[in-house]
Amino acid sequence: SGRYRVKVAALCHRALAWALRLVRGKVCVRSTHAYVFTNCTHGRVDSVLETFDLYAETHPSLCISSRIGKLDEVVMRAAPSLVLELGMHCGYSSVRLLRLLPPHGRLLTVEVDPLAAELGEEIILVAGFKHSQFQVVTSSSAEAIPTLRPVLEADKGTGEGFGLVLMDHDPQQYLPDLLALEREELLSPSGCSLLLISRNRRAEELRDVLQHIRARPDRYCIKSDFQCMMERCGCALSD
Ligand SMILES: C[S@@+](CC[C@H](N)C(=O)[O-])C[C@H]1O[C@@H](n2cnc3c(N)ncnc32)[C@H](O)[C@@H]1O
């Protein structure tokens, strides 16, 4: 009966958390930032990520779920020197990426919402990262991508292109942004992992971009273990 009581208590906890998320309704970047800023231990990456997870238990959240362990797996395997993130929001995935980069690694993150960009940047700093390790670009991905070549060239040693691109912004933009990255020759010729986040379990929204990738087996290889595609790598993950 002890085990039964524990199970019932866990179920009640989950039901309460679900109800709270439902009642609270909309995702709020200010509330996410305030919660993480106040409750995490500053300077400790794990504490920042855990506090995001704690917040997401009882509030609506847009952060990539910590359940997507494969994200870490792909980043560690790719060991990229230069990473591009499209869709930073409050900085959760940026922190998650930054903690896995090699010492010389850098993250460029693009966010269209100025408030999210400002608050997200603060969270990255709170996690203990320095401006020498990351740069926030406040604009739409479509506007940002054509401006990135000079940033790459200024970045000694990593000027060859992005070794990993995480798209978690607007799925409608995934294909046009990938085409722009190809056109601008921003993907590292020696290998680039492309991570496409889909919050829609059936991933219909990824159809066009997946079609584009599948039609180019000479350029992209599909890692079937991730039910997805890869260029010289590429991977679709569902939240
Ligand atoms: C799902 S959230 C990103 C969550 C974040 N990756 C994380 O795990 O914490 C999507 C973000 O992309 C931004 N966004 C949407 N369309 C965009 C675009 N075209 N360019 C840049 N950012 C965009 C939104 O403002 C929002 O903050």
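Angles under 35 degrees between helix axes count as roughly parallel. Keep that cut-off in mind for the first stop. The model on screen is predicted.

**Stop 1: H2 and H6**

Select helix H2, residues 29–39, then add helix H6, residues 114–126. The two pack at an angle of about 15°, and their axes are 10 Å apart. H2 is therefore roughly parallel to H6. Their crossing is left-handed.

Now show side chains. On the H2 side, pick Val29, His33, Val36 and Phe37. They meet Leu115, Ala116, Leu119, Ile123 and Val126 of H6. Colour this contact by class: eight residues are nonpolar, one is polar and none is charged.

**Stop 2: H2 and H3**

Keep H2 and swap H6 for helix H3, residues 45–58. How far apart are the axes of H2 and H3? They are 9 Å apart, and the packing angle is about 135°. H2 and H3 are therefore oblique to each other. The crossing of this pair is right-handed.

From H2, select Thr32, Tyr35, Val36 and Asn39. From H3, select Val48, Thr51, Phe52 and Tyr55. Those residues make the contact. By class they split into five nonpolar and three polar, with no charged residue. Leave Val36 highlighted for a moment: Val36 takes part in the contact with H3, and Val36 also belongs to the contact with H6.

**Stop 3: the two domains**

Zoom out and colour by domain. Domain 1 covers 2–58, and domain 2 covers 69–238. Where they touch, domain 1 contributes twelve residues and domain 2 contributes 13.

Look at the domain 1 side. Which elements give two or more residues here? They are H2 and H3. H2 gives the most, with five residues. Colour this side by class as well: eight residues are nonpolar, four are polar and none is charged.

**Stop 4: the ligand**

Centre on the ligand. How many residues surround the ligand? There are 20. Start with the closest: Gly87, His89, Tyr92, Ser93 and His169. Show them as sticks and label them.

Next, bring up helix H5 (92–98) and strand E2 (106–111). Each supplies at least two residues of the shell around the ligand. Tyr92 and Ser93, both among the closest residues, fall within the range of H5.

Colour the whole shell by class. Nine residues are nonpolar, seven are polar and four are charged. Compare the domain 1 side of the domain contact, which has no charged residues.

**Stop 5: H9 and H10**

Finish with helix H9, residues 171–183, and helix H10, residues 207–214. They pack at an angle of about 35°, with axes 7 Å apart.

Select Tyr174, Leu175 and Leu178 in H9. Opposite them, select Asp208, Val209 and His212 in H10. This contact has four nonpolar residues, one polar and one charged.

Notes:
Residues numbered from 1 in each chain as written. Predicted model: local features only at pLDDT ≥ 70, side-chain atom pairs only at ≥ 80, totals over all residues. Axes fitted to C-alpha atoms, helices over the stretch in contact; angles between N-to-C directions. Helix = DSSP H or I, 4+ residues; strand = E, 2+ residues; numbered from the N terminus. Parallel < 35°, antiparallel > 145°, perpendicular 65-115°, else oblique. Left-handed = near helix turned anticlockwise from the far one by under 90°. Contact = placed C-beta atoms within 7 Å. Nonpolar A, V, L, I, M, F, W, Y, C, P; charged D, E, K, R; others polar. Domains from an automatic or database assignment. Near = placed C-beta within 6 Å.
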